[in-house]
Amino acid sequence: MKSVAIIGTGIMGSGMAVNFLKQGHRVFVWNRTKSKLKPLISLGASAVSSPKEAAVKAEIVFDVTANDRSSQSVWLGSRGILAGAGYKKYLIASGTFSANWIDKLAKICQQKKLTFFDMPMTGGRIGAETGAMILLVGGSQQKLKTIYKDLSSIAKKIAYFGKGGSGIRFKLVLNMIQSVHIVALGEALKLGKKSGLNLKTVGDYLSVQPGGVVTNLAWRDYQTEPKPINFSIKWITKDLNYAKQLAKNLPLPLLAQVYKKYLKALKKKHGQKDWTAINKI
Ligand SMILES: NC(=O)c1ccc[n+]([C@@H]2O[C@H](COP(=O)([O-])OP(=O)(O)OC[C@H]3O[C@@H](n4cnc5c(N)ncnc54)[C@H](OP(=O)(O)O)[C@@H]3O)[C@@H](O)[C@H]2O)c1
């Protein structure tokens, strides 16, 4: 069982530290605001004075800070992770950072012959607190396998996406689609309310059938176009137009954009294709 260091003990980092402790790992912690370390120290974690010391002492080091700026401050410089890391260490960027920064960091690690993974997480606070996150990994798959068991202390699933930088790219894609879904739900609720429907009933039903399965359906039919089609572009364009009419002057920008996209496909004579084919036109 490998020792770990958590750099950045915010919502996600704290949850990770607690679960590593629960599973019996030796845990080192560092945080910019020292007071946040207290509960973890009381559970058995050891505080270190710098990210460099964390990289000297622990076998696996996680950066769970906020953004590119915080990440750069904990990796670089004389007190940074890179100053303390050796070739036997596993260095992991788990916050959600830009692909640009992750590519730079991966390159530095490669030049120094250090093992680096981009490993953003999904599962939120609950996932971190319950040790049930999904880790989205870029880096060497072979080396990843050697820490699978350790990672299982914080994750229910380890999803591998390819070479360094692939994990963060997927995370950004994931957050994009999730936020579009969130905004789309907001628009759907507004329309439901304006139509005089009970908002609770609309929300409850959308979250199970059929709204909750939209991503599944769109992905299945993206991979294999349904023949015969399930629902035509022609008719979904009609329905979106009806929804726009219903909305009148209520501003629903996502609806407007999606309608425009389908209308364009219709005008280009794709009306008989399945509505999920919109992502291939
Ligand atoms: N919460 C989620 O649902 C979730 C899910 C997946 C991924 N993420 C990602 O995980 C990362 C952490 O998120 P979180 O929700 O745990 O955030 P958080 O609770 O706000 O924690 C942020 C951490 O970053 C540190 N930090 C911020 N600015 C810093 C700086 N300039 N220098 C050094 N440390 C700095 C904070 O230290 P201080 O205590 O000193 O402020 C704290 O440890 C983010 O990249 C986030 O996008 C979050």
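The second largest pocket of this predicted model has a volume of about 450 Å³. Its lining comprises 19 residues, and those closest to the centre are Asn31, Arg32, Thr65, Ala66 and Ser70. Helix H1 (11-22) and helix H4 (68-75) each contribute at least two lining residues. H4 gives the largest share, with four residues. By class, the lining of this second largest pocket splits into 10 polar, six nonpolar and three charged residues.

The largest pocket encloses about 2000 Å³ of space. It is lined by 40 residues. His181, Ala184, Gly211, Val214 and Trp275 lie nearest its centre. Five helices each give two or more residues to this lining: H10 (166-194), H11 (199-206), H12 (214-223), H13 (233-247) and H14 (253-267). The largest share, 11 residues, comes from H10. Nonpolar residues number 28 in the lining of the largest pocket, against 10 polar and two charged.

Strand pairing was examined for S5 and S6. Strand S5 (residues 90-93) pairs with S6 in the parallel sense, over four bridges. Within S6, Phe116 is the bridge partner of Leu91. The connection from S5 to S6 passes through helix H6 (residues 99-111), and this β-α-β crossover is right-handed.

Side chains in a regular strand alternate between the two faces of the sheet. In S6 (residues 115-118), Thr115 and Phe117 lie on one side, and Phe116 and Asp118 on the other. All four are buried, so both faces of the strand are covered, buried here being under 20% relative accessible area.

Definitions and conventions: Residues are numbered from 1 along each chain as its sequence is written. This is a predicted model: local features need pLDDT of at least 70, side-chain atom pairs count only at pLDDT 80 or more; totals for chains, interfaces and linings use all residues. Side-chain values use heavy atoms; hydrogens and water are left out. Buried means under 20% relative accessible area, exposed over 50%, partly exposed in between (1.4 Å probe, protein chains only). Two strands pair if DSSP finds at least two bridges between them. A crossover is right-handed if, with the strands pointing away from the viewer, the path from the first strand over the helix to the second runs clockwise. On a 1 Å grid over the protein atoms alone, a cavity is a set of points where a 1.4 Å probe fits but cannot get out, and a pocket is an open set with protein on both sides within 12 Å along at least five of seven lines; lining residues have an atom within 4 Å of a point. Grid points are joined across faces, edges and corners, and a volume is the space filled by probe spheres set on the points. Ala, Val, Leu, Ile, Met, Phe, Trp, Tyr, Cys and Pro count as nonpolar, Asp, Glu, Lys and Arg as charged, and the others, Gly among them, as polar.
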